[in-house]
Amino acid sequence: MKTRFFVPALICSLTLPLISCDEAGFNSPYVLSLPRPPGAWISLLGQPHWRIEWVNEGGEKQQKNVYSAENMEIALPQTWATAVSAWPYWPEKGIAPGIFRPAGAIFPYDVSGNRIYLSWRAGPDAVFYWELALADRQDATSSAVPRLPHYFNWPRFRELFKTGAINENICRDPWLADWRSIAERTVKTGFDRRRIEPEPVVEMNIAVPSGVWYCGSPFAAPLTFPENEMPVFPLRKSIEIWVSAKGILRCNQDAWLFSAW
């Protein structure tokens, strides 16, 4: 059912349309704590580089590419909820940021002391935050009170996953949902938990080497194909990457490309 997930808040001038307000104070920088990547990613690809995204002092989305985010510090606005995301990528393997799913955090809910703790579970939260901001900026029919991500009721949103109030497959792997589409519809008509459903997939036979294949979601179970079995992959509209000891598969519902290591 449709519920009120946006809470009243002081409206100030906005930038992109994130926070840009004279009253927004900044404390000492927060130190980032990132989760360990899944073991299969490390064994197949090595340690990742990271693209860190956050809201800077000017209220704009900031990003920085680093090999290691250990002890990296960022300053965050103190007045509103803001997102931090960390996208793993492997340039030496040709895997750019934005393909493997990110870890994330929502300030102030994931802060302890001077540290902000990113997790794989909060990765979809952070991406949904950025998508809400983008959708609000692009939506010409926005209501008088903007549906901006820093007004959103993030604790209540997270409870949906803890209580099983949404699709059970999404609870297991939130990346099965199309968060951009959900954000666009949320900005237009308000939040409705019934929209949080798995994105449609098409199963397709793809002639790749047998073995165990891992996708870019840290929650997804691997696919195992014996030598005498034609591999079948669930394909979505967006491009995804699957990796194995034999190589890398880039695919969507329209095309696929396998490259051996």
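Is E199 buried or exposed? That was my opening query on this predicted model, and the answer came back as buried, with a relative accessible area of 14%.

**Entry 1: the surroundings of E199**

I looked for a charge partner next, and found that E199 makes a salt bridge with R236, where the closest N and O atoms are 3.3 Å apart. I then checked where the two sit: R236 is in the loop between β14 (232-235) and β15, while E199 is in the loop between α5 (179-189) and β11 (202-205). The pair links distant parts of the chain, 37 residues apart. R236 itself counts as buried, at 6% relative accessibility.

R236 has another acidic partner, E240, and for this salt bridge I noted 3.2 Å between the closest N and O atoms. I looked up burial here too: R236 and E240 are both buried. Which residues belong to the network of salt bridges? My list reads R101, E199, R236 and E240.

**Entry 2: salt bridges elsewhere**

How many salt bridges does a search of the whole structure find? I got nine. One I wanted to see up close is D110 with R158, whose closest N and O atoms are 2.8 Å apart. D110 belongs to the loop between β8 (103-107) and β9, and R158 to helix α3 (residues 154-163), so this pair ties together parts that are 48 residues apart in sequence. Both ends turned out to be buried: I have D110 at 15% relative accessibility and R158 with a relative accessible area of 17%.

**Entry 3: an open sheet**

I moved on to the strands. In what order do the four strands of the open sheet run? I wrote down β6-β3-β10-β9, with mixed pairing. The edges are β6 (73-74) and β9 (111-112); each has a single partner strand, so one side of each is left without a neighbour in the sheet.

Then I went through the partners of β3. Strand β3 (residues 30-33) pairs with strand β10 (residues 115-117) in the parallel sense, over three bridges. With β6, β3 runs antiparallel, and two bridges join them. That gives me both senses around one strand, parallel to β10 and antiparallel to β6.

Residue by residue, I noted that S33 has Y117 as its bridge partner in β10. V31 has E73 as its bridge partner in β6, and V31 also stands opposite R115 in β10.

Side chains came next. As a reminder to myself, in a regular strand the side chains alternate between the two faces of the sheet. Which residues of β3 lie on each side? I found Y30 and L32 on one side and V31 and S33 on the other; all are buried, and both faces of β3 are covered.

**Entry 4: a hairpin**

I also looked at β4 and β5, which form a hairpin with five residues between them. Strand β4 (residues 49-55) and strand β5 (residues 61-66) pair in the antiparallel sense over six bridges. One match I traced by eye is W50, whose bridge partner in β5 is V66. In the turn I stopped at G59, which has a positive phi of about 85°.

**Entry 5: the second largest pocket**

What volume does the second largest pocket have? I recorded about 320 Å³. Its lining has 19 residues, and those nearest its centre are D173, L176, C215, A220 and W242. I sorted the lining by class and got 12 nonpolar, two polar and five charged residues. Strand β15 (residues 240-243) gives the most to this lining, with three residues.

**Entry 6: the cysteines**

C215 in that list of pocket residues sent me to the disulfides, and the structure holds zero of them. Why is C215 not in a disulfide? The closest cysteine sulfur, in C251, is 9.6 Å from the sulfur of C215, too far for a bond. I set this beside the cut-off, since a disulfide needs sulfur atoms within 2.5 Å. Looking from the other end, C251 finds its closest cysteine sulfur in C215, again at 9.6 Å and too far for a bond. I closed the page with burial: C215 is buried, with a relative accessible area of 10%, and C251 is buried too, with a relative accessible area of 3%.

Key
Residues numbered from 1 in each chain as written. Predicted model: local features only at pLDDT ≥ 70, side-chain atom pairs only at ≥ 80, totals over all residues. Heavy atoms only, no water. 1 Å grid on protein atoms, 1.4 Å probe; cavity = no way out; pocket = protein on both sides within 12 Å on 5 of 7 lines; lining within 4 Å. Points joined across faces, edges and corners; volume = space filled by probe spheres on them. Nonpolar A, V, L, I, M, F, W, Y, C, P; charged D, E, K, R; others polar. Buried < 20%, exposed > 50% of the residue type's maximum accessible area, 1.4 Å probe, protein only. Pairing = 2+ DSSP bridges. Salt bridge = Lys/Arg side-chain N within 4 Å of Asp/Glu carboxyl O.
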